[in-house]
Amino acid sequence: MAVAHDVLVVGGGGAGLRAAIAVAEADPRLSVAIVSKVYPMRSHTVSAEGGAAAVAGGDDSLDEHAYDTVSGSDWLCDQDAVEAFVGEAPRELLRLEHQGCPWSRTPDGHIAVRAFGGMRKKRTWFAADKTGFHMLHTLFQTTLSYQDIVRYDEWFVTSLLVDNGRVGGVVAIELATGRIETIIAKAVIMCTGGCGRVYPFTTNANIKTGDGMALAYRAGAPLKDMEFPQYHPTGLPFTGILITEAARAEGGWLLNKDGYRYLQDYDLGRPEPGPVLRSMELGPRDRLSQAFVHEVAKGRTTDTPYGPIVHLDLRHLGADVIDAKLPFVRELCARYEHIDPVRELIPVRPVIHYMMGGIHTDLDGAAGLDGLYAAGEAACVNINGANRLGSNSLPELLVFGARAGRAAAAFAASAGDAESQAVHAQAKDERHRLEKWLSRQGEGPDRIADLRTEMQETMENGAGIYRDEGSLAKAANELQRLRERFSDAAIDDRSRVFNTELVATLELSFMLDVAESIVTCALRRAESRGAHQRTDFPARDDERFLAHSLAHREPDGTCRVAYLPVTITRWPPSERVYGR
Ligand SMILES: Cc1cc2nc3c(=O)[nH]c(=O)nc-3n(C[C@H](O)[C@H](O)[C@H](O)COP(=O)(O)OP(=O)(O)OC[C@H]3O[C@@H](n4cnc5c(N)ncnc54)[C@H](O)[C@@H]3O)c2cc1C
């Protein structure tokens, strides 16, 4: 017996909830369900701190938001997508306001906006430094007002069912019981978030393991621009917990071990007094993370048991500003570093934060298979190109979550039955594969956790802030060996109830696919652009690589890379200039 819905949303984060609401609004006759491996309010969106960018009036304009996004992306975004994004983002944030999102305000009652990295105007809306929490809460409560949205909380999707290029549903495990279920659906929207856990040191929650990217890739949908994972310049050492860019937006400084604001040496501006927007600390994330690596090479960072660090200085902001605008930063510092940023320096270092690449989609979320859609961090539309600007992701998941929901609803309303013999046969095979994991005796000595650690180290060493052909080729070989060892591994826990070892095993298999696509695309892109810096090809090469990479999975499991032209509408490629 299988259950069936018209539209199935995989993921209960910001993108998934927004998509489900859009389906319910577009066509109340459709049956829509959300399946999520964690309770929706535990999705990673909840931890977003700094804010959501959208033009809020004043002296700002849609064109300026678009231009900042395009140049921030190192010209690799699609400009038609960016224009749709900046145009619809204000409406989406206002909609949340009407649904109860408590945006911070100016004393006269207007929406308050703050500066953010790479944005030349103040346009980031925020709810103190707990923006994601308030946004997700608002979206979740709104879904509750639609009685017809069915939820499968704590169900883990293991495979996407596809018959002859047409999506038919998914197989999922109900984690509380271990029951394996087929969920038939005419349209599936992947909103499964990013894949930061492919690396060892990340701001990303444990659940961010690239599941949806791998599910789509295995089913025949290509992944786009996977060589561009983003490092954020300010993570707490050891835990990787994020110190939001809002800390620098409010005027924080980055200091090396000599107490020197080292960013002035990296073409990001001078430490002049003046408006915060001209502060070099508000350069884009790729440039700031790269500057850190150079400071390490110059011996100007401080060594700690958790690697070299620099310091973030908020002391000059004073307790009142910190408590009003950055209360969570103060709380995180106290709890995880036992320091008070009002009086002490915060140790920080670059940390993997976000994936610019993802499931290749068009502007309405369509992902290359009939009935498959994607939105949010799992997808690549693409507005982020080679480097996402902070605070563009939250409005992105609203704008394109809504678009994907509407498109999936229209598809499902006119599509025929999704059920077929082939779909049921695939579901049966998947059930056998999962049962086998629970009964197999592994031949190899490897534990899942050890393989995961080795994969993460491989990625950091081979495909980190700087890469070259040698490091990437070595990583590709090591990943191949890890895959072989994974296929011989076994798990100890054979229970059905919340079998976290089985979940970790399936997540590792997804991450191995995602890691392979990152390394393969990075090897092929013989240039430096945004977050992809090749020391053997230090210049941007628009002639050969002003193009998206598309990673296709071949029948033998290998990754083939093709290229797709970038859409340029109004802003021809030029140099990225900051601080001048
Ligand atoms: C610490 C932190 C701070 C951030 N701050 C900001 C910020 O201030 N501004 C900004 O714009 N961006 C910020 N970002 C980025 C932004 O928050 C994320 O890109 C965005 O929230 C992702 O939303 P999503 O809906 O795509 O995915 P998520 O919120 O990650 O949700 C993914 C969902 O997919 C489900 N799922 C995944 N795999 C499976 C599976 N196999 N089966 C079933 N369900 C599955 C999960 O249960 C979850 O519900 C931040 C990110 C981090 C990590």
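Into which domains is the protein divided? Before selecting anything, bear in mind that what you have open is a predicted model. Select residues 234-350 and give them one colour, because the automatic or database assignment of bounds makes this stretch domain 1; then select residues 443-565, which form domain 2, and give them another colour.

**Between the two domains**

With both domains coloured, turn the model until you can look at the place where they meet; their centres, taken over C-alpha atoms, are separated by 30 Å. On the domain 1 side, 6 residues are in contact with 5 residues of domain 2. The area buried between domain 1 and domain 2 is about 430 Å², and carbon and sulfur atoms give 67% of that area. Now show the side chains of Asp286, Gln290 and Val293, which together supply 77% of the area that domain 1 buries against domain 2, more than any other three residues.

Next, select residues 285-297, which are helix H7, and you will have the element that gives the most to the side of domain 1 touching domain 2, with 5 residues. If you sort the residues of that side by kind, they divide into 2 nonpolar, 3 polar and 1 charged. What is the count of salt bridges between domain 1 and domain 2? The count is 0, whereas 2 residue pairs are found in polar contact across the interface.

**Threonine 124**

Leave the interface and select threonine 124, which lies in strand E5, residues 124-125. Is threonine 124 buried or exposed? Threonine 124 has a relative accessible area of 0%, and it therefore counts as buried, since the cut-off for that word is under 20%. Display serine 391 as well, and look for the polar contact of 2.9 Å that joins the side chains of threonine 124 and serine 391. Leaving aside residues up to four places away in sequence, the residues that threonine 124 touches include Gly50, Ala52, Val113, Arg114 and Phe116.

**Asparagine 204**

For the last stop, select asparagine 204, found in the loop between strand E9 (179-190) and helix H5 (211-218). Asparagine 204 is also buried, because its relative accessible area is 2%. Which residues does asparagine 204 touch, not counting those up to four places away in sequence? They are His44, Cys195, Gly196, Arg197, Ile352 and His353, and showing them together lets you view the surroundings of this loop residue. Finally, draw a distance from the C-alpha atom of asparagine 204 to that of alanine 319: the two residues are 115 residues apart along the chain, and these atoms are separated by 28 Å.

Notes
Residues are numbered from 1 along each chain as its sequence is written. This is a predicted model: local features need pLDDT of at least 70, side-chain atom pairs count only at pLDDT 80 or more; totals for chains, interfaces and linings use all residues. Side-chain values use heavy atoms; hydrogens and water are left out. Contact means heavy atoms within 4.5 Å. Buried area is the accessible area (1.4 Å probe) that two parts lose on being put together, summed over both. A salt bridge is a side-chain nitrogen of Lys or Arg within 4 Å of a carboxyl oxygen of Asp or Glu. A polar contact is a pair of N or O atoms within 3.5 Å; within protein, one must be able to donate a hydrogen and the other to accept it, and residues adjacent in sequence count only if both atoms are side-chain atoms. Helices (H or I, at least four residues) and strands (E, at least two) are DSSP runs, numbered from the N terminus. Ala, Val, Leu, Ile, Met, Phe, Trp, Tyr, Cys and Pro count as nonpolar, Asp, Glu, Lys and Arg as charged, and the others, Gly among them, as polar. Buried means under 20% relative accessible area, exposed over 50%, partly exposed in between (1.4 Å probe, protein chains only).
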